[in-house]
Structures are given as C-alpha cells and as structure tokens.
Amino acid sequence: MSVLQKILGVLKPQSSLNIKVSLQDENVSESAAIASPADLKFPYRDYAITLMLKAYGNVEPIPAQYSLYYERECGLTNPRLLHQQLIDEGFLELSSLSQLLTTLKVSDLQQILRSYGLKVSGKKEELISQVLSDVDMEDLFSFFKNEPPRYSLSLKGRDFLEQHKDYIRFHRYTKYGVTLEEYERAKASLCYTDDCEKILIFLYNEKVDGDKYNRHYHLVLHELYEATGDSDNALREFLIVKYFDVNYVYSFQQLSFFLQYQSFSTAAKEMYESEKNHHVLAPSDAFYVAEHQNMHLRNILNSIYSQYLLKDLIIPPNVFSTIVSEMITESFFDVSKWNTYLLSQLKHYLRLR
C-alpha cells in the first residue's frame with residue numbers, strides 16, 4: 001500500500017455510485033426495531049432526521065454503531081435504516097474530493113505534496129487547494145477505492161437542517177428531562193418560533209407555575225437565561241436555587257415523605273447525617289454573584305422573599321441577604337464559616353443534640 005493509501009481514509013467517488021449499504025445491523029434486526037423510519041410520527045421523524053443529518057452530514061462514513069439517543073429520544077432501535085433512507089432520498093450525498101481532503105491533518109496534506117515534489121508551506125486551506133490543483137485527480141482517486149464511502153449534506157439536507165435547527169439546540173437540553181412532546185406544545189403556544197431557548201423558558205416557567213418550589217425547574221431556567229444573555233433573570237433563578245439550598249428545601253421535601261413511615265426523630269437524624277458532609281455553598285457561588293451583581297440585586301432578593309414563603313425557614317431573609325452581600329466581595333467570602341453555620345442551624349431546627 002502506498003503512502004497516500006495510508007494517509008487518505010476516503011473513497012473514490014466514481015467507484016462508489018453503485019455501492020449499497022446493508023440495512024441489516026449485526027445485532028438488531030429490522031423486525032425487532034421499536035419503530036422503522038416509516039413508523040415514526042411527527043415530531044419524532046423530523047427530530048430523528050435532524051439528529052442524523054447533524055451527526056453524519058459532514059464527511060462521515062456510515063458507522064458500525066449509533067448513539068443510544070435515537071432509541072431513547074426517538075424510539076428508533078435501528079437508525080441504520082433511517083441513515084440509508086436519507087442517502088437514498090438525497091439528503092446526504094457522497095462527499096466531494098475537496099470535502100474528503102478536509103478530514104486530513106496538515107501533516108498528511110504536506111506528505112502528499114512532498115511525495116509529488118511540491119511545496120508544503122501554507123495553511124490547511126491552501127494545502128488542500130494546492131493538492132486539488134497540482135495532484136492528478138485520477139492518481140488521487142486510485143488511492144480511495146478500498147475505503148468506505150463518506151457522505152456530506154446535499155442542498156436538500158442543508159435546507160432541512162436549517163428549517164429544523166431548533167431541534168439541534170433542543171437536543172442539548174434533553175439531559176434536563178424535557179420531552180419532545182412538551183417542547184412541541186410550548187412551541188405551538190408561541191406560534192412556532194424557532195428560538196429554542198425562548199420556547200424552553202416559556203415551558204419551564206409554566207412548570208414553575210405548577211410547582212414553584214421545584215429546585216430543578218429553577219436550575220434549568222438559570223441555564224436557559226444564561227444562554228440567552230438575560231443576566232437579571234439568570235441571577236434571580238440562581239439566587240432562588242441558593243435560597244432553597246441554604247434552607248434545605250429538597251431535604252425537607254424528602255423528610256415529609258419519610259415521616260409517613262418513620263418517627264420524626266429517626267427521619268430527622270437520617271436527614272442530618274445525609275447533609276453533614278454536603279457543602280451547600282461553594283467558592284464558585286461567590287464568584288458567580290460577584291460577576292453578576294447589579295443595581296437590581298436588592299429588588300431581586302425582595303421579590304424572592306415575597307414569592308417564596310418557606311414552611312421550614314432555616315435561614316431567614318436578612319441572613320441570606322448578608323450571605324449574598326459577602327459573596328459580592330468574593331475575596332472575603334468565608335465558605336467554610338457559612339457552611340458550618342448552615343449545618344448548625346439545621347441541627348438546631350431539627351432539635352438534635
């Protein structure tokens with residue numbers, strides 16, 4: 001095998017036109033699939049196509065295995081069927097020679113040029129241009145024939161991806177547990193805007209309206225407001241989460257559940273033991289507040305205190321305001337002191353010795 005054969009992991013386009021990719025996965029039969037591409041309904045089909053085009057539309061071969069999110073998020077256990085369908089229907093096309101060359105390292109391109117006695121200086125784009133202009137195409141093609149085909153987005157594929165670009169961003173937020181059905185309902189309420197973060201902010205504010213003491217919802221809203229550059233609301237959601245944390249809101253929610261089966265003293269001891277080695281505040285909290293403080297901070301805090309009346313108040317508003325004030329002067333914020341204080345207040349509240 002020549003040097004170029006070793007360097008170039010690509011396929012000669014002319015020789016690949018009649019290649020057929022097997023639809024049969026070694027481990028998953030077509031009949032065993034939860035859903036074939038034809039069975040997928042809106043919005044899952046469009047979502048699955050978007051994820052497939054994004055993942056395999058940039059000079060990519062057909063992989064041996066696919067990510068599990070096609071099954072978890074789309075209900076598709078054999079993504080290979082959809083992948084082949086996108087090729088057959090013209091969403092993906094064989095990568096051009098210039099596209100194939102972009103997959104190589106600069107050192108690989110230089111070695112190609114050097115083997116032909118050509119200059120090897122310049123940026124990657126310049127080296128690719130020189131290979132295309134000075135190396136005989138037939139010579140290049142002859143080295144590709146034993147490699148698997150690679151595919152790139154066609155114009156049809158690019159248009160589809162552009163029309164569904166919000167799905168790409170939505171995919172990043174599925175780690176928070178939001179479903180595609182929830183997302184589409186919120187999207188419809190906003191007249192089908194394609195601003196993913198705006199849609200999710202609307203959705204999670206609805207969730208908060210139904211369960212305003214849910215820490216997870218506020219944490220997600222914080223991330224979403226950060227992504228949109230809404231610093232005031234991002235800070236507000238961050239402080240809500242911290243206000244919940246210093247008052248052990250989640251732990252008290254768990255305590256209420258365990259009181260159905262345990263005495264208060266037993267459940268309280270277990271709650272305290274689970275929190276004893278957990279640091280509620282971290283240096284990064286002070287850094288964030290110091291970086292994001294603004295003239296609206298006092299109003300933000302007052303709105304939190306008026307809207308979130310905690311049943312179990314370990315740290316009253318005036319003390320939390322002191323904590324936040326010390327966070328603003330980050331270098332003077334004593335994390336250890338405050339975490340020790342919070343734990344002692346919890347112990348006292350639970351009436352533990």
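## Buried and exposed residues

A residue is called buried when its relative accessible area is under 20% and exposed when that value is over 50%, while anything in between is partly exposed. In this predicted model, Cys191 has a relative accessible area of 69%, so the residue falls in the exposed class. Cys196, by contrast, has a relative accessible area of 1%, and therefore counts as buried.

The backbone at Cys191 can be described as well: this residue comes just after helix 11 and takes a positive phi of about 60°. Although the chain contains cysteines such as Cys191 and Cys196, the number of disulfides in the structure is zero.

## The protein as a whole

The protein has 353 residues, and 46% of them count as buried. Its secondary structure is made up of 20 helices together with three strands.

When contacts between residues at least 6 apart in sequence are considered, 70% of them join residues that are at least 24 apart. The surface that the protein exposes comes to about 19000 Å², and 50% of this area is supplied by carbon and sulfur atoms.

## Helix 11 and its neighbours

Helix 11 covers residues 180-189, and its buried residues are Leu180, Glu182, Tyr183, Glu184, Ala186 and Lys187. Which helices do the buried residues of helix 11 pack against? They pack against helix 2, which spans residues 44-56, against helix 10, which spans 165-173, and against helix 12, which spans 196-210.

## Helix 12 and its neighbours

Helix 12 is built from 15 residues, and the distance from its first C-alpha to its last is 21 Å, which is close to the 21 Å expected at 1.5 Å a residue. Cys196 is one of the buried residues in this helix, and the others are Glu197, Ile199, Leu200, Ile201, Leu203, Tyr204, Lys207 and Val208.

The buried residues of helix 12 pack against helix 10, helix 11 and helix 13, the last of which runs over residues 215-228. Helix 10 therefore appears in both descriptions, since the buried residues of helix 11 and those of helix 12 pack against it under the contact cut-off of heavy atoms within 4.5 Å.

## A nonpolar patch on the surface

Phe257, Phe258 and Tyr261 together make a nonpolar surface patch of about 340 Å². Of these residues, Phe257 is found in helix 15, which covers residues 249-258. Is Phe257 buried, partly exposed or exposed? Its relative accessibility is 42%, so Phe257 counts as partly exposed, because this class lies between the 20% and 50% limits.

Definitions and conventions:
Residues are numbered from 1 along each chain as its sequence is written. This is a predicted model: local features need pLDDT of at least 70, side-chain atom pairs count only at pLDDT 80 or more; totals for chains, interfaces and linings use all residues. Side-chain values use heavy atoms; hydrogens and water are left out. Buried means under 20% relative accessible area, exposed over 50%, partly exposed in between (1.4 Å probe, protein chains only). Helices (H or I, at least four residues) and strands (E, at least two) are DSSP runs, numbered from the N terminus. A disulfide is a pair of cysteine sulfur atoms within 2.5 Å. Patches are made of residues with over 30% relative accessible area and no salt bridge: like charges are joined within 9 Å, nonpolar side chains (Val, Leu, Ile, Met, Phe, Trp, Tyr) within 5 Å. Accessible areas come from the Shrake-Rupley method with a 1.4 Å probe; for residues, only the protein chains shown count as cover. A salt bridge is a side-chain nitrogen of Lys or Arg within 4 Å of a carboxyl oxygen of Asp or Glu. The expected span of a helix is 1.5 Å times one less than its number of residues.
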